[in-house]
Amino acid sequence: MNKLEELKKLREHVNLVVKNLDNYPKDEINVLVSNHNCLMDIFYLPMALPEEIISLISARLVYKNENNRKEIVNRYLNAMPIEAHGGIVYANMCLEGSIKLLENGKSVSIFPEGAYVPENKIFRGRTGASRMVYLARSKGKKINLIPISISISRNDNLDDYNVEGDNVEINILPSIDYEDAYYNYRNSQLREEKNMFLHQPIDKAMQCIADSLNIPYDGNYIELRPKGNVMFEDGSVVDVNTAKKPEFYKRYYRELNERTLQLLKK
């Protein structure tokens, strides 16, 4: 049974409304960006779509040996780990793996805020999605950048896996036109300008999500709680300073590459 069929079974336990599904171009390559309410977002987003996608989520959701986490994530998701706490080398390895997926025709989803946002607002998104569409664009791939708003009515336990009775509304918004920003990014020589043009598409996407939900947009990043370590496939952790040794870079790259190849076979 494929992941989409598993998600359809899970959907039977959720009061899910999907709006504007016609904004989703099924036969094209998409990067989907969404706000992040709680853990179950990672299941509700792909549940609402007409085809399987790859979910870019925290390495701790993919690898951590806790509360049958691996079993649940692997049952419902084609999950690609994102390591946000190990520094630029780990972040770039994850980015390169995601680019490889896009280049091979896989659509992916990501939560740019980087953490749950229980407050009634939308925070500024980090630029991973912009980097992905720009890098793919530079290699001749036209990728759609599609904002998706998620509204959930649930209890206060944001890590709860129980979906019974959740009321979920997902609105698929029109894709973001980033061609001018991409052109300016490619042709700018100044670091500050390049950074501005890199932010433009994701800023616009998150503003569209805020407008869709009729809640404020906060132009600041949400503060992430540093974990101080890097998590590997077997659930083991290595502190950040130790993880900068070449043997750990090589280990992470090998594990990430193997997962990427597995996802490409889906």
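# A guided tour of the predicted model

Start with the whole chain in view. For 266 residues, a compact globule would have a radius of gyration near 18 Å, and the protein has 18 Å, which agrees. Keep in mind as you go that this is a predicted model.

**The whole chain**

Show the C-alpha trace and turn it along its principal axes: the spans are about 50 × 40 × 35 Å. Switch to cartoon, and you have 9 helices and 11 strands to look at. If you draw contacts between residues at least 6 apart in sequence, 76% of them join residues at least 24 apart.

Now turn on the surface. The accessible area of the protein comes to about 13,100 Å², and carbon and sulfur atoms account for 45% of that area. Colour by burial next: buried residues make up 49% of the 266. For a charge view, select the 36 positive and 37 negative side chains. The centres of these two sets lie 6 Å apart.

**Stop 1: two cysteines**

Select cysteine 94 and cysteine 208. Which of the two is buried, and which is partly exposed? Cysteine 94 counts as buried because its relative accessibility is 1%, under the 20% cut-off. Cysteine 208 has a relative accessible area of 27%, so it is partly exposed. There is no bridge to draw here, as the structure holds 0 disulfides.

**Stop 2: proline 46 and proline 50**

Go to helix α2, residues 41–47, and pick out proline 46. At 5% relative accessibility, proline 46 is buried. Show what surrounds it: leaving aside neighbours within four places in sequence, proline 46 is in contact with Leu4, Leu7, Asp41, Ile53, Ser55 and Leu77. For a distance label, join the C-alpha atoms of proline 46 and leucine 32; they are 14 residues apart along the chain and separated by 9.9 Å.

Then step along to proline 50, in the loop between α2 and β3 (54–58). Proline 50 has 30% relative accessibility, so it counts as partly exposed. Not counting residues up to four places away in sequence, proline 50 touches Leu4, Leu21, Tyr24 and Lys26. Leu4 is therefore a residue to keep displayed from the previous view, since proline 46 is in contact with it and proline 50, counted as partly exposed at 30%, touches it too. A second label can go from proline 50 to proline 25: 25 residues separate them along the chain, and 9.7 Å separates their C-alpha atoms.

**Stop 3: two asparagines with positive phi**

If you have a Ramachandran panel, open it and select asparagine 20. Its phi is near 60°, a positive value in a residue other than glycine. Asparagine 20 sits in the loop between β1 (15–19) and β2 (30–34), and with 40% relative accessibility it counts as partly exposed.

Select asparagine 214 next. Here too phi is positive, about 60°, although the residue is not a glycine. The setting is the loop between α8 (191–213) and β9 (217–218). Is asparagine 214 buried or exposed? Its relative accessible area is 71%, so asparagine 214 is exposed.

**Stop 4: isoleucine 122**

Stay with this part of the chain and select isoleucine 122, in strand β6 (residues 122–123). At 1% relative accessibility, isoleucine 122 is buried. Which residues are in contact with isoleucine 122, leaving aside its neighbours within four places in sequence? The list runs Asn35, Glu113, Met206, Ile209, Ala210, Leu213, Ile215, Pro216, Tyr217 and Asp218. For contrast, label the C-alpha distance to glutamate 169: isoleucine 122 and glutamate 169 are 47 residues apart in sequence and 16 Å apart in space.

**Stop 5: tyrosine 182**

Move to helix α7, residues 179–187, and select tyrosine 182. At 9% relative accessibility, tyrosine 182 counts as buried. Show its partners as sticks: beyond residues up to four places away in sequence, tyrosine 182 touches Tyr134, Arg137 and Ser138. One of these, arginine 137, lies 45 residues away in sequence, with 8.5 Å from C-alpha to C-alpha.

**Stop 6: arginine 251**

End in helix α9, residues 246–264, with arginine 251 selected. Why does arginine 251 count as buried? Its relative accessibility is 19%, and buried means under 20%, so arginine 251 falls on the buried side of the cut-off. Display Phe232, Asp234 and Ser236 around it: arginine 251 is in contact with these, leaving aside its neighbours within four places in sequence.

Notes: Residues numbered from 1 in each chain as written. Predicted model: local features only at pLDDT ≥ 70, side-chain atom pairs only at ≥ 80, totals over all residues. Heavy atoms only, no water. Helix = DSSP H or I, 4+ residues; strand = E, 2+ residues; numbered from the N terminus. Rg over C-alpha atoms; globule rule 2.2 N^0.38 Å. Buried < 20%, exposed > 50% of the residue type's maximum accessible area, 1.4 Å probe, protein only. Contact = heavy atoms within 4.5 Å. Areas by Shrake-Rupley, 256 points an atom, 1.4 Å probe, with all protein chains shown as cover. Lys, Arg positive; Asp, Glu negative; His and termini not counted. Charge placed at Lys NZ, Arg CZ, Asp CG, Glu CD. Disulfide = S-S within 2.5 Å.
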